[in-house]
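Me: I should like to go through this model and ask, for each label, what justifies it.

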Amino acid sequence: MAILLLFCTLWLGGVILFISANSQQLDETADAEVHPNRNLNGDQFVSEKEKEATPNPHFCEPWPSCVLPARAPQYQSLCDILDAWSPNDPNVPPNFPRPSTLLPRFDYSNDVERGLAERYRVAELPFLVHNIPELTATGTQWGNREYMRNMFASKAGKSYKITQSLMTSSDDPTHNNTFLYYSPNKFKQFNKRGGSFSLPQKERSELNYEDFDEIVERAQTNSLKESEHATTADGESALFYTTISAGAGKKSDWVRDALPFLVGDGSKTDPPDSPTLFIPYPSKDWKGINCRFGMKGVVQTAHYDGGRNMIAMVVGSKRYMLSPPQHCKALELLPPKHPSARHASFDWADPNERARRKDGEFCEVETVDLVLEEGEVLYVPSFWFHYIVSLERSMQCNSRSGKSFVGKQHIDECGF
């Protein structure tokens with residue numbers, strides 16, 4: 001009898017322990033659903049420790065619907081988009097869809113919606129965020145031309161770069177409107193090996209911000225060619241943009257102070273180094289906030305970036321065409337050793353180039369076409385392709401935080 005009583009006691013104790021352990025697991029799972037940046041042990045994802053070659057153990061199945069509401073981007077085929085609205089035309093067509101009908105759009109000041117935005121970020125899908133108090137305030141401030149002139153003039157030394165396009169528009173051979181990133185080191189090596197690569201843009205170091213501001217204003221009123229600074233030696237019109245990088249310890253702390261939610265080194269959060277919606281992986285190796293102040297009509301060549309990218313539209317608006325990484329092969333990118341590797345190898349705005357590909361995979365690439373409006377932030381996940389047109393005087397700043405392995409296999413298959 002004593003043996004039977006001991007057995008029952010041990011069995012009941014085991015059941016209690018089993019129930020307790022499973023209850024704790026269920027509670028932790030529920031907590032993980034509320035806090036999608038944590039695993040079941042409560043550990044934060046750390047991007048530096050992510051191994052791109054192996055699956056991330058924090059991801060659930062089925063991916064990505066397990067962490068977000070079922071709302072896919074509203075895709076169209078790429079050529080249909082480009083045929084309907086030329087990238088060389090900065091004027092928004094009548095009845096163009098609002099961004100919220102194309103991508104999920106969340107109110108940052110609403111705790112529930114901010115939580116949903118975090119789920120989309122974890123799922124590595126693009127989304128929009130609005131109603132960010134610091135961004136709204138900075139947009140009002142930077143929209144004042146006199147304020148911006150004073151800010152640039154008051155800084156010792158030139159902390160910005162003004163660049164002029166040398167790439168001709170497919171619609172107008174006398175108009176240079178397109179910019180293409182290139183690596184100066186690869187440029188030298190490429191040409192030494194017998195390659196032929198003409199610089200797509202040039203720096204105009206003799207210009208200051210006040211000169212740039214005047215050129216931008218002329219472009220707003222469609223009288224660009226009246227500006228002596230906006231013409232080449234051959235009398236062609238050209239578009240410009242100004243870039244400024246605001247990393248830690250650089251001259252542009254005023255940019256960091258104006259956009260604290262984009263500061264990625266952990267210095268602007270309370271407590272320090274806390275992850276946020278915009279900076280999930282604070283790091284002392286953060287590269288800084290990068291800003292582009294552009295003119296109406298500026299086109300940025302399609303490309304992908306390896307880092308998670310938060311893009312804040314401070315002033316004005318831009319058109320973004322986004323395509324997921326699985327279409328890498330169809331997009332005909334410049335190869336890894338090219339000075340402009342990972343960028344489009346031909347002008348997507350050229351209807352003749354598109355016509356040559358009308359029966360191929362390029363024209364069928366899934367693409368979201370949206371207008372990023374002032375006061376919004378767009379999340380572009382790692383390896384997503386983006387093609388950008390400035391629709392008016394614009395000031396856009398972005399910050400990257402960590403890298404994802406999601407989609408990288410498609411980039412690897414492209415040879416990158």
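Me: What makes strand E5 and E6 count as paired, and in which sense do they run?
Reply: Two strands pair if DSSP finds at least two bridges between them. Strand E5 (residues 167-168) is joined to E6 by two bridges, and the two run antiparallel; the definition is therefore met. Thr168 stands opposite Asn176 in E6, and six residues lie between E5 and E6 in the hairpin that they form. This is a predicted model, in which local features need pLDDT of at least 70 and side-chain atom pairs count only at pLDDT 80 or more, while totals for chains, interfaces and linings use all residues. Residues are numbered from 1 along each chain as its sequence is written, and side-chain values use heavy atoms, with hydrogens and water left out.

Me: Which strands does E6 join in the parallel sense?
Reply: E6 runs parallel to strand E8 (residues 237-238), to which two bridges join it, and His175 has Ser237 in E8 as its bridge partner. Strand E11 (residues 299-304) also pairs with E6 in the parallel sense, over two bridges; there Val299 is the bridge partner of Thr178.

Me: Why is strand E6 called mostly covered?
Reply: Buried means under 20% relative accessible area, exposed over 50% and partly exposed in between (1.4 Å probe, protein chains only). Five of the five residues of E6 (residues 175-179) are buried. In the protein chain of 416 residues, 49% count as buried.

Me: How do you know which strands are the edges of the nine-stranded open sheet?
Reply: The order is E2-E3-E15-E12-E17-E10-E9-E4-E7, with mixed pairing. Strand E2 (105-107) and strand E7 (201-203) each pair on one side only, and these are the edge strands. Within the sheet, E10 (residues 289-294) and E17 (residues 394-403) pair in the antiparallel sense over five bridges, and Gly294 stands opposite Ser394 in E17.

Me: What lies across the E2 side of that sheet, and what counts as contact?
Reply: Helix H3 (residues 111-122) lies across E2, strand E3 (127-130), strand E12 (307-315) and strand E15 (377-380), and runs at about 140 degrees to E2. Contact means heavy atoms within 4.5 Å. Helices (H or I, at least four residues) and strands (E, at least two) are DSSP runs, numbered from the N terminus.

Me: Why is H5 called roughly antiparallel to H7?
Reply: Helix H5 (residues 145-153) and helix H7 (residues 209-220) pack at an angle of about 155 degrees, with their axes 9 Å apart. Angles under 35 degrees count as roughly parallel, over 145 as roughly antiparallel, 65 to 115 as roughly perpendicular and the rest as oblique. H5 is therefore roughly antiparallel to H7. Arg145, Met148, Arg149 and Phe152 in H5 meet Tyr209, Glu210, Asp213, Glu214 and Glu217 in H7. The residues of this contact divide into three nonpolar, no polar and six charged.

Me: What makes a set of residues a nonpolar core, and which residues touch the most other members of the largest one?
Reply: A nonpolar core is a set of buried Ala, Val, Leu, Ile, Met, Phe, Trp, Tyr and Cys residues joined through side-chain atoms within 4.5 Å. The largest has 65 residues, of which Trp142, Leu259, Ile289 and Phe293 touch the most other members. E12 gives the largest share, six residues. Another core, of 27 residues, lies apart from it and includes Leu82, Met321, Ala330 and Leu333.

Conventions
Axes are lines fitted to C-alpha atoms, for helices over the stretch in contact, and angles run from 0 to 180 degrees between N-to-C directions. Ala, Val, Leu, Ile, Met, Phe, Trp, Tyr, Cys and Pro count as nonpolar, Asp, Glu, Lys and Arg as charged, and the others, Gly among them, as polar.
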